[in-house]
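Biologist: Before we look at any detail, could you show me how to read a model of this kind, feature by feature?

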Amino acid sequence: MTVLIFLALMILGVPVFAVLVLSSMVYIGGSGHAALFDNLLVQLSGGLGNFSLLAIPLFIIAGELMNECGITTRLIALSRVLVGSVRGGLAYVNILANAMMAAIIGSAIAQTAVMTRIMVPEMERAGYPKADAAAMTCAGGLLGPIIPPSMPLIIFAVLAQVPVADMLISGLVPGLIMAASFLVLAGVIGFRRNYPRSEAYARAEALKVVVRALPALLVPLAIVATIVGGFGSPTEAAASAALVAILIGAFVYRELDLRRLPAVLERAGRNTAMVLAIVAASAVFGWVIIYGRMPARLAELLTGLTDNKYVFLLIIMLALLVLGTLIDGIAALIITVPILLPIATGVYGLDPVHLGIVVTLTLVVGLLTPPVGAALYVASGISGVRPIPLFRAVLPYIAVSVALLLVLCFLPVLSTVLIR
Amino acid sequence: MPPLSPTRPHPVTRVSRGLFALERRLLQALMAAILILTLVNIGLTIGGRSLYWAAEALIALMTLAAFVGQSMLIRTGQHPGVTLLADMVSPRAARWLRMASDLVLLGLSALLLVLAWRMFDLPGLLTNWRDPLPRAIETGNFTWLEPTNTLGIAKAWIWLAPVPFFAFGGIHALARLLDPQDAALLPQEA
């Protein structure tokens with residue numbers, strides 16, 4: 001009954017947070033333990049009662065501020081100087097700028113929206129096929145939730161009770177490998193489709209762009225260095241980045257209009273609520289799932305199938321790839337982690353950090369696939385490329401991501417090398 | 001500010017608009033408070049004397065901001081959801097689906113308010129707010145007696161803070177049902 005209500009509400013298009021809370025209510029009602037209703041609101045508010053989650057609003061504020069301060073455009077200009085003058089140069093610029101933005105934003109959807117608005121029209125003007133431009137932009141958006149900071153990795157860390165900093169750091173190597181793979185792929189596609197060559201900057205102009213971009217570059221570098229170097233918590237890194245963005249925007253670039261700050265904060269607040277409402281609702285859902293002994297039942301089923309941890313991981317990846325195409329990535333993460341984690345660590349002896357990277361990356365790939373590939377639809381909506389041609393153009397990037405997933409699955413050291 | 005709707009809006013819509021304006025200001029203030037308090041605490045920690053209550057206060061502010069924003073997202077229809085079916089059907093059918101979704105949100109708001117009424121025992125609180133212990137013993141509801149670790153207030157105040165926004169979310173959902181075109185006229189982005 002609960003599953004039917006869950007599916008019916010999802011298909012009806014009811015917001016994910018409401019689906020999770022209502023399905024939990026239906027389950028409690030059917031279980032005969034009405035006393036659980038008295039604790040439901042505590043679970044709902046209590047789902048947000050974790051200090052580590054504070055990194056989410058602060059990184060969203062930092063990302064919004066950096067966009068408002070002209071930092072994004074300077075990072076793209078810097079990428080043009082670095083890689084823009086070869087054949088298909090703007091394709092490399094796209095991926096490289098996405099990797100830099102990933103060190104600020106942490107959300108694939110937000111990053112895809114920002115980068116599609118900037119890169120696709122510019123690439124189209126330069127003679128690139130529009131579908132290819134939109135495809136590589138939304139593929140580049142996948143770097144957002146992998147390269148630190150990352151919203152899904154913060155949420156996984158909170159759910160799995162591993163240090164948030166460890167979880168974020170473990171995304172760095174897979175994120176850089178993914179960025180490098182996308183660069184190679186863009187090069188191959190560019191060579192085969194004869195992408196145009198961009199004009200090189202004159203030396204003096206290039207130097208000017210680099211100097212102008214240095215303060216902007218400082219911000220993502222400072223965020224990653226603070227987290228990776230252990231100089232501060234992700235929350236502190238985010239708050240400091242927001243402060244630095246305000247200072248650079250107001251005093252260095254002089255693009256930040258302080259009267260726009262309330263609007264920036266409101267936008268950040270709404271984006272924060274989109275994520276945290278699902279986190280709160282999922283806390284109720286996770287509580288009900290555990291009450292219903294679902295992890296134990298699934299563990300019995302899976303251990304009956306295999307006792308090999310890699311086969312277990314492959315089964316999980318396949319299930320999550322399908323799930324990721326159907327429901328929102330963060331919701332899927334919060335629904336599945338309380339079920340999978342005890343089995344993965346308790347029965348199969350997997351490292352929770354390794355599991356976190358594999359699970360998150362698998363769900364992130366779902367952002368590019370219909371029917372619910374949110375990043376695909378955001379890029380489609382903004383660029384004007386229809387979803388199906390866009391999906392066709394993005395398929396090579398999905399194939400590379402799945403190949404990388406398999407590598408990460410069998411080589412846990414790639415996820416854990418920086419924290420061991 | 002020009003009128004948002006060319007026709008005379010329904011009274012519920014007018015209330016919803018007023019609440020939305022209030023929520024915008026509140027959300028801006030909450031996000032600013034989260035940023036400022038975090039930065040102040042970082043500065044004080046570097047100076048060797050951090051605010052011991054900051055972590056709990058920040059969590060309370062974040063929780064409240066999430067529910068304020070959640071209510072606003074109901075008004076603007078921006079909550080993430082699976083729109084596969086709505087994208088496939090005719091615009092008329094999509095409108096019906098949207099109305100069904102708003103109806104579900106209205107029902108959820110009502111259910112959450114009923115749960116809040118039961119859990120927080122508001123009539124009991126109003127008559128016993130000076131000393132809630134006898135009432136707690138009488139009813140077996142000890143919600144108001146659990147203290148926060150550092151803020152020095154009952155945890156129930158923090159759990160209670162989002163409740164008005166369940167009601168506001170319900171009013172927004174009702175406004176969308178009564179005046180579906182009005183939400184589209186609201187500023188989607190600040």
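Modeller: We will go through the interface, the salt bridges and a few backbone features in turn, and I should say at the outset that this is a predicted model.

Biologist: How many residues of chain A are in contact with how many of chain B?

Modeller: A contact count tells us which residues take part on each side, and here 55 residues of chain A are in contact with 51 residues of chain B. The area buried between the two chains is about 4700 Å², and carbon and sulfur atoms give 79% of that area. On the side of chain A, the residues that lose the most area to chain B are Leu41(A), Glu266(A) and Arg270(A), which together account for 16% of what that side buries.

Biologist: And how many polar contacts and salt bridges should I look for across that interface?

Modeller: Between chain A and chain B there are four residue pairs in polar contact, counting pairs with both residues at pLDDT 80 or more, and the rule finds two salt bridges across the interface. In one salt bridge the side chain of Glu266(A) meets that of Arg24(B), with a distance of 2.9 Å from N to O.

Biologist: Which helices of chain A supply at least two residues each to the side that touches chain B?

Modeller: Helix 1 (2-12), helix 2 (16-31), helix 3 (37-46), helix 4 (55-68), helix 13 (234-252) and helix 14 (261-291) of chain A each do so, and helix 14 gives the largest share, 15 residues. Sorted by class, that side of chain A has 41 nonpolar, eight polar and six charged residues.

Biologist: Turning to salt bridges over all chains, how many are there, and which parts of the chain does the pair of Glu255(A) and Arg74(A) link?

Modeller: The structure holds eleven salt bridges over all chains. In the pair formed by Glu255(A) and Arg74(A), the closest N and O atoms are 2.8 Å apart; Glu255(A) lies in the loop between helix 13 and helix 14 of chain A, whereas Arg74(A) belongs to helix 5 (residues 71-83), so that distant parts of the chain, 181 residues apart, are linked.

Biologist: Are those two partners buried or exposed?

Modeller: Glu255(A) counts as partly exposed at 39% relative accessibility, while Arg74(A), with a relative accessible area of 16%, is buried because it falls under 20%.

Biologist: What does the salt bridge between Asp102(B) and Arg176(B) tie together?

Modeller: The side chains of Asp102(B) and Arg176(B) meet at 3.1 Å, N to O. Asp102(B) lies in helix 4 (residues 91-120) of chain B and Arg176(B) in helix 8 (residues 163-178) of chain B, so this pair ties together parts that are 74 residues apart in sequence. Both residues are buried. In chain A, salt bridges that share partners join Glu64(A), Glu68(A), Arg260(A) and Arg267(A) into one network.

Biologist: Finally, which backbone features should I inspect?

Modeller: One is the cis peptide bond that joins Pro148(A) and Pro149(A), with omega about 0°; Pro149(A) is found in the loop between helix 8 (130-141) and helix 9 (151-160) of chain A. Another is Asn194(A), which has a positive phi of about 55° although it is not a glycine, and which lies in the loop between helix 11 (172-192) and helix 12 (203-228) of chain A. Asn194(A) is exposed, with a relative accessible area of 54%. Arg254(A) also has a positive phi of about 55° without being a glycine, is placed in the loop between helix 13 and helix 14 of chain A, and is exposed at 66% relative accessible area.

Technical notes:
Residues are numbered from 1 along each chain as its sequence is written. Chains are lettered from A and ligands numbered from 1 in the order in which they are written. This is a predicted model: local features need pLDDT of at least 70, side-chain atom pairs count only at pLDDT 80 or more; totals for chains, interfaces and linings use all residues. Side-chain values use heavy atoms; hydrogens and water are left out. Contact means heavy atoms within 4.5 Å. Buried area is the accessible area (1.4 Å probe) that two parts lose on being put together, summed over both. A salt bridge is a side-chain nitrogen of Lys or Arg within 4 Å of a carboxyl oxygen of Asp or Glu. A polar contact is a pair of N or O atoms within 3.5 Å; within protein, one must be able to donate a hydrogen and the other to accept it, and residues adjacent in sequence count only if both atoms are side-chain atoms. Helices (H or I, at least four residues) and strands (E, at least two) are DSSP runs, numbered from the N terminus. Ala, Val, Leu, Ile, Met, Phe, Trp, Tyr, Cys and Pro count as nonpolar, Asp, Glu, Lys and Arg as charged, and the others, Gly among them, as polar. Buried means under 20% relative accessible area, exposed over 50%, partly exposed in between (1.4 Å probe, protein chains only).
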